[in-house]
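I opened this notebook page to record what I looked up about strand pairing and charged side-chain contacts. The entries follow the order in which I checked them.

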Amino acid sequence: MLPKISSAFLNVTHACNLACRYCFVEQHPEFMPYQVARDAVDFLAGGADGTRPPSITFFGGEPMLAWDTVIRPLVLYIRDTYGDEYSLNMTTNGTLLTPEILDFLRDHGVGVMISIDGDRETQDYNRPFHGGGGSYETLSAILPHYLACNPSAVFRSTLIPATAEHLSENVAYAESTGFHSFFLIPNVFEPWDEESRNTVEREMRNVSDRIIDAFASGRQPMSFSTLEDSFQRIVRINRETGCNCTRSEQKCGLGTGPFASVDWKGNLYACQEMVSCKGSGDPFYIGDIYSGPDEEKRKTLAARFSAGKLHGDNCESCILRSVCDGGCVANNYMALGDVNAVPDTYCWWLRLVLGEAVYIMNTLGEPQTAGHEDFRNYWMRLQEREGYRCRSKMS
């Protein structure tokens, strides 16, 4: 029996005011009517079982294009009808935010994540407006107020070969701007030649040295989730406890959990990245908010997700073979047409970050090294967290 759907990405439009060089979304002008959005809210609330509150993440395209027509009135409706238990978030490029909008979102408990790639040179190249102008100036003007309203915000960026040489500079920019954590992922939909990969490797070493320097100076380094995941993978590899931490336990589940995505017509899809607006003709379609989920389609997707063996770049000899998460299912499918086929760029990236984790450990692992004690405490916390996670999965 699959759980009822109680959380969803609301794809209010596939239109966007930016023309990011790596965007895979087929932009088209349809917008979700307010009534469909409100019906989706009620549908999700009906699926909540009391153990997990219903939730919505406003998504696109650029969701802020529907601020007046959908988002603002829908937030008011949700808070008036369901109170604060309904979890609300939004993913945006940030260029349409204003101080007044940010204050409204903060006051109504809406979390906001901005996709941002770096300083002026990187941001303007990676994420231009359709007219050709860069988005840095517009976005940088709102960042201080954004961080005041969202102090735990993550600096979420995408790496592409053309601007990879600025990776460490962009991490430094994120920290100087006021972010305390960052997330990086390479674009798996374009080729990465040897020179580009070497550039990223050099830049990542600069990032690692920056983290080492922070520990050595008694400062809290910026949090980098992929690096922390690598530290935890090292714990699991070293323990060899047989903890069966399979990909399906770690990742989205592809429509088998309480999560889905809703298009502008009210159709349900298994992943927010796979909202095609094609309805029942799409392989990731799992029903609609009016007739409910199609349980057979959900089970079919589950079988595709869990039955297929992961295959990527040199899996049999890869040090991560027992702890690989398989990457993003949507990216796998869009890049290679197979939810279980991992793009070699992602394999390379995970191994690269794992190597940097080992480098940081080796540098700070010696007792006489400055920062050793702080790093040791950090490492012990990760071990405790990983041990709890594994025990929970085995219980």
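Below are my entries, first on a sheet and then on salt bridges.

**Entry 1, the sheet.** I note at the start that the model is predicted. I looked up how one open sheet is put together, and found three strands in the order 5-6-7 with parallel pairing. Strand 5, residues 154–159, and strand 7, residues 223–224, stand at the edges with a single partner strand each, so one side of each has no neighbour in the sheet. I then asked myself how many bridges join strand 5 to strand 6. The count is six, with strand 6 covering residues 181–186 and running parallel to strand 5. To have one pair to look at in the viewer, I picked Thr158, whose bridge partner in strand 6 is Ile185.

**Entry 2, Asp344 and Arg197.** Turning to charged side chains, I recorded 11 salt bridges in the count. One that I followed up joins the side chains of Asp344 and Arg197, at 3.6 Å from N to O. Asp344 belongs to helix 12, residues 344–364, and Arg197 to helix 7, residues 194–216, so this pair ties together parts that are 147 residues apart in sequence. Which of the two partners is buried, I wanted to know, and which is partly exposed? Arg197 is buried, with a relative accessible area of 17%, which falls under the 20% cut-off, whereas Asp344 is partly exposed at 41%.

**Entry 3, Asp213 and Arg219.** I next checked the salt bridge between Asp213 and Arg219, where the closest N and O atoms are 3.0 Å apart. Asp213 is partly exposed, with a relative accessible area of 41%, and Arg219 is also partly exposed, with a value of 38%.

**Entry 4, Asp313 and Arg351.** For the salt bridge of Asp313 with Arg351, I wrote down 2.7 Å between the closest N and O atoms. Asp313 sits in the loop between helix 10 (295–307) and helix 11 (329–336), while Arg351 lies in helix 12, so the pair ties together parts that are 38 residues apart in sequence. On accessibility, Asp313 counts as partly exposed at 25%, and Arg351 counts as partly exposed at 28%.

**Entry 5, a network.** Finally, I asked which residues are joined into one network by salt bridges that share partners. They are Asp103, Arg106 and Asp107.

How values were computed:
Residues numbered from 1 in each chain as written. Predicted model: local features only at pLDDT ≥ 70, side-chain atom pairs only at ≥ 80, totals over all residues. Heavy atoms only, no water. Pairing = 2+ DSSP bridges. Helix = DSSP H or I, 4+ residues; strand = E, 2+ residues; numbered from the N terminus. Buried < 20%, exposed > 50% of the residue type's maximum accessible area, 1.4 Å probe, protein only.
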